[in-house]
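Student: I have a chain in front of me and want to learn how its parts pack. Can we go through it step by step?

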Amino acid sequence: MTVFNASRLLGKTVLITGASSGIGAATAVLFAKGGSNVILTARRADALQKVADQCTAAHKEAGLQHGGKFVTIQIDVSDRSQINGFLERIPVDLREIDILVNNAGYVVGVDKVGDLSLDNMEGMFATNVFGLIALTQLFIKEFKKRKTGHVINLGSIAGREAYAGGSIYCATKHAVNAFTGSLMRELVDTPIRVTEIQPGMVETEFSVIRFKGDQSAADKVYEGLQPLMAEDIAEEIVWAASRPPHVNLAEVFVLPVNQASATLNYRAPKL
Ligand SMILES: NC(=O)c1ccc[n+]([C@@H]2O[C@H](COP(=O)([O-])OP(=O)(O)OC[C@H]3O[C@@H](n4cnc5c(N)ncnc54)[C@H](OP(=O)(O)O)[C@@H]3O)[C@@H](O)[C@H]2O)c1
């Protein structure tokens with residue numbers, strides 16, 4: 001027997017955005033291992049299928065009788081027209097979602113105000129904020145009707161603390177924080193839970209995308225310290241989801257041990 005009870009995950013249906021890589025992919029696999037069904041969504045169909053296969057393997061290895069249904073749905077959450085018809089694309093037997101993980105998001109560039117790309121600004125807001133809001137809006141009515149549900153949003157340390165060179169991304173994550181806070185307050189008289197996960201540095205494709213494919217620039221972000229891994233954040237998400245129904249983990253702020261703020265960290269000197 002393990003110390004903590006994960007039986008509340010059994011047979012739950014979880015919808016994860018941005019499940020094709022990083023935190024979303026690791027979260028899908030961990031829910032699969034815990035006996036849940038997972039709807040994996042993102043833009044890259046091939047990458048999604050690989051993660052769905054990993055879910056199937058993890059579920060099989062866990063040997064659980066519950067869950068085990070894994071479907072992939074290609075969607076660009078920044079495109080409102082794709083969100084409109086989204087519910088109908090979910091297989092009927094999985095339409096009763098228990099947990100929505102709004103994870104899709106990105107940052108591009110480290111430009112300062114004055115040099116910002118307004119296209120990048122629109123893209124980041126459309127994905128990190130408008131997509132997250134639109135998807136939440138889609139499921140919350142159903143959650144209210146069924147008097148159940150859990151919305152788990154991926155915020156960031158950048159939603160608690162602004163930093164130079166991150167104005168747009170920080171603004172999007174502050175928006176996620178404000179939206180999540182309002183949602184939790186609106187749902188205070190319901191059993192619906194609302195959680196915001198706020199990671200510090202996590203080594204995923206995140207920095208490669210920020211530096212437009214420049215792997216060595218991305219590697220420098222994590223040089224000299226041990227960043228979080230996608231699996232560390234997946235554990236926090238699954239942990240929040242598996243608490244008893246009367247417990248709402250409102251905010252989970254997670255840092256690598258050698259990071260203390262967005263700009264303060266300790267890097268071991270090179271020998
Ligand atoms: N890594 C960090 O240091 C860190 C720290 C704090 C917070 N976060 C947040 O954690 C979340 C996950 O990031 P990650 O680190 O796991 O990065 P990642 O490995 O780059 O994963 C991002 C995911 O978002 C999906 N995505 C991006 N744009 C999308 C769109 N328009 N429509 C649908 N899906 C989209 C990507 O899939 P496709 O490309 O296939 O669409 C991918 O699956 C993000 O919200 C990020 O802001 C990350």
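Tutor: Start with residue classes. Ala, Val, Leu, Ile, Met, Phe, Trp, Tyr, Cys and Pro count as nonpolar, Asp, Glu, Lys and Arg as charged, and the others, Gly among them, as polar. Keep in mind that this is a predicted model.

Student: How many nonpolar, polar and charged residues does the shell around the ligand have?

Tutor: In total, 30 residues surround the ligand. Among the closest are Gly18 and Gly22, along with Arg43. Sorted by class, the shell has 14 nonpolar, 12 polar and 4 charged residues.

Student: Which helix gives the largest share of the shell around the ligand?

Tutor: Two helices each supply at least two residues of that shell: α1 and α6, which spans 206-210. The largest share is 3 residues. Those 3 come from α1.

Student: Are α1 and α8 parallel or oblique to each other?

Tutor: Helix α1 covers residues 22-33, and helix α8 covers residues 230-241. Their axes come within 8 Å and cross at roughly 55 degrees. Angles under 35 degrees count as roughly parallel, and 65 to 115 as roughly perpendicular. The two helices are therefore oblique.

Student: What classes of residue make the contact of α1 with α8?

Tutor: From α1 come Gly22, Ile23 and Leu30, among others. From α8 come residues including Ala230, Glu231 and Val238. By class, the contact has 10 nonpolar, 2 polar and 2 charged residues.

Student: Now α2. How is α1 oriented to α2?

Tutor: Helix α2 runs over residues 45-62. The axes of α1 and α2 come within 7 Å and cross at roughly 30 degrees. The cut-off for roughly parallel is under 35 degrees. So α1 to α2 is roughly parallel.

Student: Which residues in α2 does α1 meet?

Tutor: The α1 side offers Ala25, Ala28, Val29, Ala32 and Lys33. The contact as a whole divides into 8 nonpolar, 2 polar and 1 charged. On the α2 side are Val51, Gln54, Cys55, Ala58, His59 and Ala62.

Student: What is the hand of the crossing of α4 and α5?

Tutor: Helix α4 spans residues 118-146, and helix α5 spans residues 167-186. They pack at an angle of about 15 degrees, with axes 9 Å apart. That makes α4 roughly parallel to α5. Their crossing is right-handed.

Student: How many charged residues are in the contact of α4 with α5?

Tutor: Met121, Phe125 and Leu132 are among the α4 residues in this contact. On α5, the contact residues include Tyr169, Lys173 and Phe179. The residues divide into 12 nonpolar and 4 polar, and the charged count is 1.

Student: Where does UniProt place the feature "domain: Ketoreductase"?

Tutor: The record is an unreviewed entry. Over the stretch it marks, the chain is 43% helix and 18% strand. The end C-alpha atoms are 28 Å apart. UniProt places the feature at residues 12-205.

Conventions. Residues numbered from 1 in each chain as written. Predicted model: local features only at pLDDT ≥ 70, side-chain atom pairs only at ≥ 80, totals over all residues. Axes fitted to C-alpha atoms, helices over the stretch in contact; angles between N-to-C directions. Helix = DSSP H or I, 4+ residues; strand = E, 2+ residues; numbered from the N terminus. Parallel < 35°, antiparallel > 145°, perpendicular 65-115°, else oblique. Contact = placed C-beta atoms within 7 Å. Near = placed C-beta within 6 Å. UniProt positions renumbered as here; feature names shortened; annotations may be inferred. Left-handed = near helix turned anticlockwise from the far one by under 90°.
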